[in-house]
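Student: I have a protein with DNA in front of me, and I would like to know what the words used to describe such a model rest on. Where should we begin?

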Amino acid sequence: MAGWLLKTEPGTFGIEHLAGAPRRTSSWDGVRNYQARNFLRDQVQRGDQAFLYHSSCAVPGIAGIVTVTRAGFPDVSAFDRKNEHFDAASDPAAPRWYAIDVQLKRRFKRIITLEELRAHADGKLRGMRLLQRGNRLSVMPVSDAHWQFILTLE
DNA sequence: GCCAACGTTGGC
DNA sequence: GCCAACGTTGGC
């Protein structure tokens with residue numbers, strides 16, 4: 001079972017929104033980056049777990065864990081002219097973008113901050129994608145060793 | 001709000 | 001297919 005990290009902006013759709021959603025479940029859509037899209041379409045499986053990461057906020061960090069309840073499926077927000085993620089180039093017959101469904105599994109007692117994670121960038125978290133320079137991926141794999149170590153930080 | 005880093009676009 | 005210009009991301 002693979003582990004992932006999903007970035008979200010808490011002001012737009014963070015762990016609080018997910019906690020308040022019906023069945024604590026929501027579609028994870030609006031990803032408009034090919035590398036992230038490939039992960040959603042080809043690799044993320046139902047049952048996988050992912051860290052929910054808050055970015056573009058006062059205290060960036062990991063807020064909790066979600067479970068994937070539906071593997072990659074075409075992102076219909078790309079077909080909706082009124083949606084902010086509308087993409088005229090995505091053809092319903094050959095969808096360009098993909099979404100997944102996620103359910104909130106557990107909210108951490110506190111945010112595991114980016115600062116804390118960075119403190120281990122040359123140690124236990126060496127090579128973690130999130131910590132690499134200029135990283136902008138919104139969906140990325142997390143190795144089992146990194147996953148286990150991060151859990152001990154809570 | 002700044003700005004470095006990166007991805008995408010489009011002219012050639 | 002190159003690469004400059006542009007737009008976006010995201011920490012600070």
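Tutor: We begin with a cut-off: a residue is near a strand if one of its heavy atoms lies within 4 Å of it. Keep in mind that this is a predicted model.

Student: Which residues are around DNA strand B?

Tutor: Tyr34, Arg133, Gly134 and Arg136 are the residues around DNA strand B. Of the atoms of DNA strand B that come within 4 Å of the protein, sugar and phosphate account for 60%.

Student: What makes the pair of arginine 133 and a phosphate oxygen of DNA strand B a polar contact?

Tutor: A polar contact is a pair of N or O atoms within 3.5 Å. A polar side-chain atom of arginine 133 lies 2.7 Å from a phosphate oxygen of DNA strand B, so the pair is within the cut-off of 3.5 Å.

Student: How does the surface near DNA strand B divide by class?

Tutor: The surface there has one nonpolar, one polar and two charged residues. Gly counts as polar and Tyr as nonpolar.

Student: Which residues are around DNA strand C?

Tutor: Lys7, Tyr53, Ser55, Ser56, Pro60, Leu114, Asn135 and Arg136 are around DNA strand C. By class, the surface near DNA strand C has three nonpolar, three polar and two charged residues. Sugar or phosphate supplies 73% of the atoms of DNA strand C within 4 Å of the protein, and bases supply the rest.

Student: Which phosphate contacts with DNA strand C pass the cut-off of 3.5 Å?

Tutor: Among them is lysine 7, with a side-chain N or O atom 2.6 Å from a phosphate oxygen of DNA strand C. For tyrosine 53, a polar side-chain atom lies 2.8 Å from a phosphate oxygen of DNA strand C. Serine 56 uses a polar backbone atom, 3.0 Å from a phosphate oxygen of that strand. Each of these values is within 3.5 Å.

Student: Why is serine 56 called exposed?

Tutor: Exposed means over 50% relative accessible area. Serine 56 has 63%, so it counts as exposed. Serine 56 lies in the loop between S3 and strand S4 (61-74), and its phi is near 50°, a positive value in a residue other than glycine.

Student: Is arginine 24 buried, exposed or partly exposed?

Tutor: Partly exposed lies between the cut-offs of 20% and 50%. The relative accessible area of arginine 24 is 36%, so arginine 24 is partly exposed. The loop between helix H2 (15-20) and strand S2 (25-28) holds arginine 24, whose phi is positive, about 50°, although it is not a glycine.

Student: How do you know that strand S1 (residues 3-8) is largely enclosed by the rest of the structure?

Tutor: Six of its six residues are buried, so S1 is largely enclosed. Gly3, Leu5 and Lys7 point one way from S1, and Trp4, Leu6 and Thr8 point the other way. In a regular strand the side chains alternate between the two faces of the sheet.

Student: What makes S1 and strand S3 (residues 49-54) a pair?

Tutor: Two strands pair if there are at least two bridges between them. Six bridges join S1 to S3, and the two run parallel. Glycine 3 has glutamine 49 as its bridge partner in S3. S1 also has four bridges to strand S6 (residues 139-142), with which it runs antiparallel. There, leucine 5 stands opposite methionine 140.

Terms used. Residues numbered from 1 in each chain as written. Chains lettered and ligands numbered in written order. Predicted model: local features only at pLDDT ≥ 70, side-chain atom pairs only at ≥ 80, totals over all residues. Heavy atoms only, no water. Polar contact = N/O pair within 3.5 Å; in protein donor to acceptor, adjacent residues only side chain to side chain. Buried < 20%, exposed > 50% of the residue type's maximum accessible area, 1.4 Å probe, protein only.
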